[in-house]
Amino acid sequence: MINQNWLERYRLGIYYLVAIDGTELYRFSERHCQNCLYQKINDQRQYFHRVLEAKIVTSNGLAISLATEFIENKEDKEFDKQDCELKAFYRLEKKIKKLFPRLKICLLLDALYANANVIRICKENDWKYIITFKEGNLKTVWEDFNGLFVNRETAIGAKITLPEINYKETMYRWINEIEYSGYKINILAKYFNQELVRAFITNLKIDENNLFKIETHGQLRWKIENQGFDCQKNHGYNLEHLYTKNPNGIKVVYLLIQIAHIINQLFLKADILKVCSNALSTKALSIKYIFSKILDGILLGWINEFELIFKKLDNRKFQLRFNTS
Ligand SMILES: [Zn+2]
């Protein structure tokens, strides 16, 4: 999809938006395998498995799995030495860099990732980032940011003009290049009636022309939760259903669901039905018909008309047109 430039128009400038988020897959009252994570709830240990996912997200609702990292203990660990989302991120970023070394990426991350290590990794990988910024994260950066707007008077009483936009009760403030741990960080904050609504830190330079873009794209992070995990859990994929207790089988099922979800999104969001119908020179095909043919194809070893479709698709180098809503 990247090579065919199908997703090009959904980039932020030249950057593909990659949202990273974790979710829980299974929970057990007894130890399920040696890699289980655990926590104590009401004196009872509960065992669970989590996964960290990197997905390309787009404004029209696509959430395409780019790389996966399972969050699991390598052996029975002390409670506070367990694997966690941040540790998994440091493995996942290496995986993404290895799989897509030259891909222009802008990471969309939640407040958990607002730290110097993540900022360093983005710099080393030549990635952009937009990280949700909450009060309490990077304390000195907040102090510097708020301090600038509070103390706007110079020694002789003149007012310093700072980047600020007001629309009725809504206000945006931003500052580029605040120092933190040897890095320069840009901050964008949105207020309503003087109350902070949301804020982001980013290494994209903020100005009054792109701040809405940075805000709306920063918000795309929730797509991985809604179009990604929620869809896979509650709308037909049964992501949390325990198809197998086999620890490796669990991972295989997870990855197969990611592939199935990608294929389904292509059918739902693109005009692939028309492309298939045209390739077969038949009347309009239904999704159900195509999926039944795909299943036949898999079971029969691709010896059917679907093989023809894929051959034709392959030759055509066709451009997919995605629906915009
Ligand atoms: Zn387990």
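Mentor: A residue is buried if 20 or more other C-beta atoms lie within 10 Å of its own, exposed if 12 or fewer, and partly exposed in between, with C-beta atoms placed from the backbone. This is a predicted model: local features need pLDDT of at least 70, side-chain atom pairs count only at pLDDT 80 or more, and totals for chains, interfaces and linings use all residues. Residues are numbered from 1 along each chain as its sequence is written.

Trainee: How many helices and strands are in the chain?

Mentor: Both are DSSP runs, numbered from the N terminus: helices are H or I, at least four residues, and strands are E, at least two. This chain has 9 helices and 10 strands. Of its 325 residues, 26% count as buried.

Trainee: What share of the contacts in the chain joins residues 24 or more positions apart?

Mentor: A contact means C-beta atoms, placed from the backbone, within 7 Å. Among contacts in the chain with a separation of 6 or more, 57% join residues 24 or more positions apart.

Trainee: Let us take helix H2. Which of its residues are buried?

Mentor: Val118, Ile119 and Cys122 are the buried residues of H2. Look down the helix axis and take the directions from it to the C-beta atoms. The buried residues of H2 fall within an arc of 100 degrees, so they line one face of the helix. Turn to the face away from that buried side: it carries the exposed residues Asn117 and Glu124.

Trainee: What covers the buried residues of H2?

Mentor: The cover includes strand S5 (105–109), S6 and S9.

Trainee: And where does the chain go after H2? What is the phi of Asp126?

Mentor: Most residues other than glycine have a negative phi. Asp126, just after H2, has a positive phi of about 60 degrees. Asp126 sits in the loop between helix H2 (116–125) and strand S6 (128–132). Asp126 counts as exposed because it has 11 C-beta neighbours inside 10 Å.

Trainee: Where is Asn193 found?

Mentor: Asn193 lies in the loop between strand S9 (183–192) and strand S10 (195–202). Its phi is positive, about 50 degrees, although Asn193 is not a glycine. With 9 other C-beta atoms within 10 Å, Asn193 is exposed.

Trainee: Back to S6. Is it enclosed or uncovered?

Mentor: S6 has 4 of its 5 residues buried, so the rest of the structure largely encloses it. For its partners, the rule is that two strands pair if DSSP finds at least two bridges between them. S5 and S6 run parallel, joined by 4 bridges. Leu109 has Ile131 in S6 as its bridge partner. The route from S5 through H2 to S6 is a right-handed β-α-β crossover. Right-handed means clockwise from the first strand over the helix to the second, with the strands pointing away from the viewer.

Trainee: How do S6 and S10 run?

Mentor: S6 and S10 are antiparallel, with 3 bridges. Ile130 faces Thr202 in S10. S10 also holds Ala199. Ala199 counts as buried because it has 24 C-beta neighbours inside 10 Å.

Trainee: Which residues does Ala199 contact, leaving aside its neighbours within four places in sequence?

Mentor: They are Phe133, Ile187, Leu188 and Ala189. Glu135 is 64 residues from Ala199 along the chain, yet their C-alpha atoms are separated by 8.9 Å.

Trainee: Which residues have the most contacts inside the largest nonpolar core?

Mentor: A nonpolar core is a set of buried Ala, Val, Leu, Ile, Met, Phe, Trp, Tyr and Cys residues joined through C-beta atoms within 7 Å. The largest one has 52 residues, and those with the most contacts inside it are Leu17, Val18, Ile20, Leu107, Ile131 and Ile187. Take Ile131: beyond four places in sequence, it touches Leu109, Tyr113, Ala114, Phe200 and Ile201.

Trainee: How many residues of strand S2 are buried?

Mentor: Strand S2 (residues 37–41) has 5 residues, and its count of buried residues is 0. S2 pairs with strand S3 (residues 44–57) in the antiparallel sense over 5 bridges. Lys40 stands opposite Arg45 in S3. In this hairpin, 2 residues lie between the strands, and Asn42 takes a positive phi near 50 degrees.

Trainee: Last, helix H1. How far apart are its end C-alpha atoms?

Mentor: The expected span is 1.5 Å times one less than the number of residues. For the 15 residues of H1 (residues 85–99) that gives 21 Å, and the end C-alpha atoms are 20 Å apart, which agrees. Ala88, Phe89, Leu92, Glu93 and Ile96 are buried in H1. Their cover includes strand S1 (16–28), S3, strand S4 (63–71) and H2.

Note on methods
Contact = placed C-beta atoms within 7 Å.
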